[in-house]
Structures are given as C-alpha cells and as structure tokens.
Amino acid sequence: MRPAGEGLSDQERYDQGMGVRREVLSGEHVDRSTAAANELTAEWQDFITRVAWGDVWSRPGLDRRSRSIAVLSSLIAHGHHEELAMHLRAARRNGLTLAEIKEVILQSAIYSGVPAANTAYRIASEVFADEL
C-alpha cells in the first residue's frame with residue numbers, strides 16, 4: 001500500500017481506501033453502506049472511500065490503533081453518537097482493548113465534558129454488551 005499523495009489515480013485511491021475501509025469497519029458494514037447508496041449518496045460514498053480511507057487512513061504517520069484513538073476522542077467531543085458506535089467496533093478491530101477504550105473515554109471526559117463521557121460509556125456498554 002502506497003501512502004496517499006504518491007501519484008495515485010482516483011481509482012487507485014478508491015481501491016486502497018476500500019481495502020482499508022473494509023479492514024477497519026468490516027466488509028459487512030461497508031457492503032451495507034455501499035448497497036444503500038443512491039443518486040443522492042453515491043458520490044459521497046466514493047468521496048469518503050477515496051479521501052477518508054484512501055488518503056488519510058492510508059497515511060504512514062500513525063498506525064491504525066492511534067488513528068482509532070484520535071477518531072474516538074473526536075467523535076466523543078463532537079457528540080457523533082452513531083459514528084461512535086461504529087468506530088468503537090473498529091477500534092477493537094484495530095487492536096484496542098476494552099480497558100484502553102475505557103481510558104480513551106475517561107481522557108475525553110476531562111477535555112470534552114462529563115455528559116459526553118456519560119453518553120460514550122453508555123454507547124460503549126451497548127456495543128460491547130457481549131464482552132462485559
């Protein structure tokens with residue numbers, strides 16, 4: 001996998017992004033997202049696959065565990081709860097333990113507030129109910 005910005009065509013960026021997206025979010029999730037694409041959302045699916053996954057998530061500067069920590073923190077801070085549930089599962093796929101996820105949420109409480117952490121803990125408890 002070449003890092004983003006090394007002269008990749010849009011198709012190569014898409015293919016690279018789709019591979020990373022499937023590895024991080026799961027093939028099942030990606031299949032649902034792409035199958036649900038319609039005239040309104042098809043270009044958006046292409047864009048996030050090329051840019052978010054093919055460019056940013058494919059960069060060599062951070063490993064996937066670190067990227068998951070950054071994403072979880074950002075989603076907690078901004079209250080993006082639907083995305084948080086998805087990325088909690090992705091964080092486990094990227095190697096974070098439940099104990100590490102708990103620490104990310106606790107750390108986020110200090111900078112994002114107690115209500116944000118309360119919601120994040122509730123969502124994490126729902127996502128990981130089978131493991132608790």
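Helices, as the term is used here, are DSSP runs of type H or I of at least four residues, numbered from the N terminus. In this predicted model, helix H1 (10-25) is followed by Ser26, a residue whose phi is positive, near 100°. H1 itself comprises 16 residues, and the distance from its first C-alpha to its last is 21 Å, close to the 22 Å expected at 1.5 Å a residue. Its buried residues are Arg13, Gln16, Gly17, Met18, Val20, Arg21, Val24 and Leu25, and the elements that cover them include H2, H3, H4 and H5.

Helix H3, which runs over residues 42-56, has 15 residues and should therefore span 21 Å at 1.5 Å a residue, a value with which the 20 Å between its end C-alpha atoms agrees. The helix nevertheless bends by about 25° at Ile48, and Ile48 is also one of the buried residues of H3, together with Gln45, Thr49, Arg50, Trp53, Gly54 and Asp55. An α-helix has 3.6 residues a turn, so residues three or four places apart point the same way. The cover over the buried residues of H3 includes helix H1 (10-25), helix H2 (27-35) and helix H5 (81-93); H3, in turn, is among the elements covering the buried residues of H1.

Helix H5 also takes part in two helix pairings, with H4 and with H7. Helix H4, formed by residues 64-78, packs with H5 at an angle of about 160°, the two axes lying 10 Å apart. Because angles over 145 degrees count as roughly antiparallel, H4 and H5 are assigned to that class, and their crossing is left-handed. On the H4 side the contact is made by Ser68, Val71, Leu72, Leu75 and Ile76, which meet Glu83, Leu84, His87, Leu88, Ala90 and Ala91 of H5.

In the second pairing, the axes of H5 and H7 come within 10 Å and cross at roughly 50°, which makes H5 oblique to H7. The crossing in which H5 passes H7 is right-handed. Here His81, Leu84, Ala85, Leu88 and Arg89 of H5 meet a set of H7 residues consisting of Thr119, Ala120, Ile123, Ala124 and Val127. Leu84 and Leu88 of H5 are thus listed both in the pairing with H4 and in that with H7.

Arg89, which is located in helix H5, is partly exposed, with a relative accessible area of 40%. When its neighbours within four places in sequence are left aside, Arg89 is in contact with Val127 and Phe128, and Val127 is one of the H7 residues that H5 meets. The C-alpha atom of Arg89 lies 20 Å from that of Ala36, a residue separated from it by 53 residues in sequence.

Ala117 belongs to helix H7, which extends over residues 114-127. With a relative accessible area of 4%, Ala117 is classed as buried, the cut-off for that class being under 20%. Apart from neighbours within four places in sequence, the contacts of Ala117 are with Ile105 and Ala109. Between the C-alpha atoms of Ala117 and Pro60, which are 57 residues apart along the chain, the separation is 30 Å.

Definitions and conventions: Residues are numbered from 1 along each chain as its sequence is written. This is a predicted model: local features need pLDDT of at least 70, side-chain atom pairs count only at pLDDT 80 or more; totals for chains, interfaces and linings use all residues. Side-chain values use heavy atoms; hydrogens and water are left out. The expected span of a helix is 1.5 Å times one less than its number of residues. The bend at a residue is the angle between axes fitted to the seven residues ending there and the seven starting there. Buried means under 20% relative accessible area, exposed over 50%, partly exposed in between (1.4 Å probe, protein chains only). Contact means heavy atoms within 4.5 Å. Axes are lines fitted to C-alpha atoms, for helices over the stretch in contact, and angles run from 0 to 180 degrees between N-to-C directions. Angles under 35 degrees count as roughly parallel, over 145 as roughly antiparallel, 65 to 115 as roughly perpendicular and the rest as oblique. A crossing is left-handed if the near helix is turned anticlockwise from the far one by less than a right angle, and right-handed if clockwise.
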